[in-house]
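Work through the exercises below with the sequence and the model at hand. Each task is followed by a solution in steps.

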Amino acid sequence: MNPIVTVQEAVTAFADWNEPTDAELDAIEVEMPLILADVDLIDAQIIAMDHTPNEVDTRRVRRALARVLTEYRVLANCTTDAVGGAA
């Protein structure tokens, strides 16, 4: 009898030991402002695609993109500080 590997993998994919670690959850928490800024940017882009873009849509997308870039900068600086402080 041949085992059905795909069924075994699907069952073990949800095993208790496969939960995120505390370190992974902490990393997600640190990146959450960037994730939320990305979501806002995508929302602004979807709104602009729904109809002919106007000045308000352009400002909304530009503001959302600026927020994403700001969050990237903050996250990069935090990462750099953490690496520099550890050495």
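**Exercise 1.** Classify glutamate 55 as buried, partly exposed or exposed, and find the residue with which glutamate 55 forms a salt bridge.

*Solution.* The model is a predicted one. Step 1: glutamate 55 has a relative accessible area of 46%. Buried requires under 20% and exposed over 50%, so glutamate 55 is partly exposed. Step 2: its salt-bridge partner is arginine 59, with the closest N and O atoms 3.6 Å apart. That falls under the criterion of within 4 Å. Step 3: arginine 59 is partly exposed too, because its relative accessibility is 47%. Step 4: the two residues are four apart in helix H3, so about one helical turn separates them.

**Exercise 2.** State how many salt bridges the structure holds, and describe the one formed by arginine 60.

*Solution.* Step 1: the count is three. Step 2: arginine 60 pairs with aspartate 57, at an N to O distance of 3.1 Å. Step 3: both residues belong to helix H3 and lie three residues apart, about one turn of the helix. Step 4: compare the accessibilities. Arginine 60 is partly exposed because its relative accessibility is 29%, while aspartate 57, at 4%, is buried.

**Exercise 3.** Determine which parts of the chain the salt bridge between arginine 67 and aspartate 40 links.

*Solution.* Step 1: the side chains of arginine 67 and aspartate 40 meet at 2.2 Å, N to O. Step 2: arginine 67 is in helix H3 and aspartate 40 in helix H2, 27 residues apart, so this salt bridge links distant parts of the chain. Step 3: arginine 67 has a relative accessible area of 33% and is therefore partly exposed. Aspartate 40, at 37% relative accessibility, is partly exposed as well.

**Exercise 4.** Decide whether glutamate 71 is paired or unpaired in a salt bridge, and list its contacts beyond four places in sequence.

*Solution.* Step 1: locate the residue. Glutamate 71 is in helix H3, which spans residues 55-86. Step 2: look for a partner. The nearest side chain of opposite charge is that of arginine 67, 4.7 Å away. A salt bridge needs a distance within 4 Å, so glutamate 71 has none, although it is buried. Step 3: leaving aside neighbours within four places, glutamate 71 contacts Pro33, Leu34 and Ala37.

**Exercise 5.** Identify the members of the largest nonpolar core and the helix that gives the most residues to this core.

*Solution.* Step 1: the core has seven residues, namely Leu34, Ala37, Leu41, Ala44, Ala64, Val68 and Leu75. Step 2: helices H2 (22-49) and H3 each give two or more of them. Step 3: H2 gives the most, with four residues. Step 4: take one member in detail. Not counting residues up to four places away in sequence, leucine 75 touches Val30, Glu31 and Leu34.

**Exercise 6.** Place isoleucine 35 in its helix, and name the surface patch residues that accompany isoleucine 35.

*Solution.* Step 1: isoleucine 35 is in helix H2. Step 2: its relative accessibility is 37%, which means that isoleucine 35 counts as partly exposed. Step 3: with Leu25, Ile28 and Val39, Ile35 makes a nonpolar surface patch of about 310 Å². Step 4: as a check across the helices, the C-alpha atoms of isoleucine 35 and glutamate 71 are separated by 9.0 Å, and the two residues are 36 apart along the chain.

Definitions and conventions
Residues are numbered from 1 along each chain as its sequence is written. This is a predicted model: local features need pLDDT of at least 70, side-chain atom pairs count only at pLDDT 80 or more; totals for chains, interfaces and linings use all residues. Side-chain values use heavy atoms; hydrogens and water are left out. Buried means under 20% relative accessible area, exposed over 50%, partly exposed in between (1.4 Å probe, protein chains only). Lys and Arg count as positive and Asp and Glu as negative; His and the chain ends are not counted. Contact means heavy atoms within 4.5 Å. A nonpolar core is a set of buried Ala, Val, Leu, Ile, Met, Phe, Trp, Tyr and Cys residues joined through side-chain atoms within 4.5 Å. Patches are made of residues with over 30% relative accessible area and no salt bridge: like charges are joined within 9 Å, nonpolar side chains (Val, Leu, Ile, Met, Phe, Trp, Tyr) within 5 Å. Accessible areas come from the Shrake-Rupley method with a 1.4 Å probe; for residues, only the protein chains shown count as cover.
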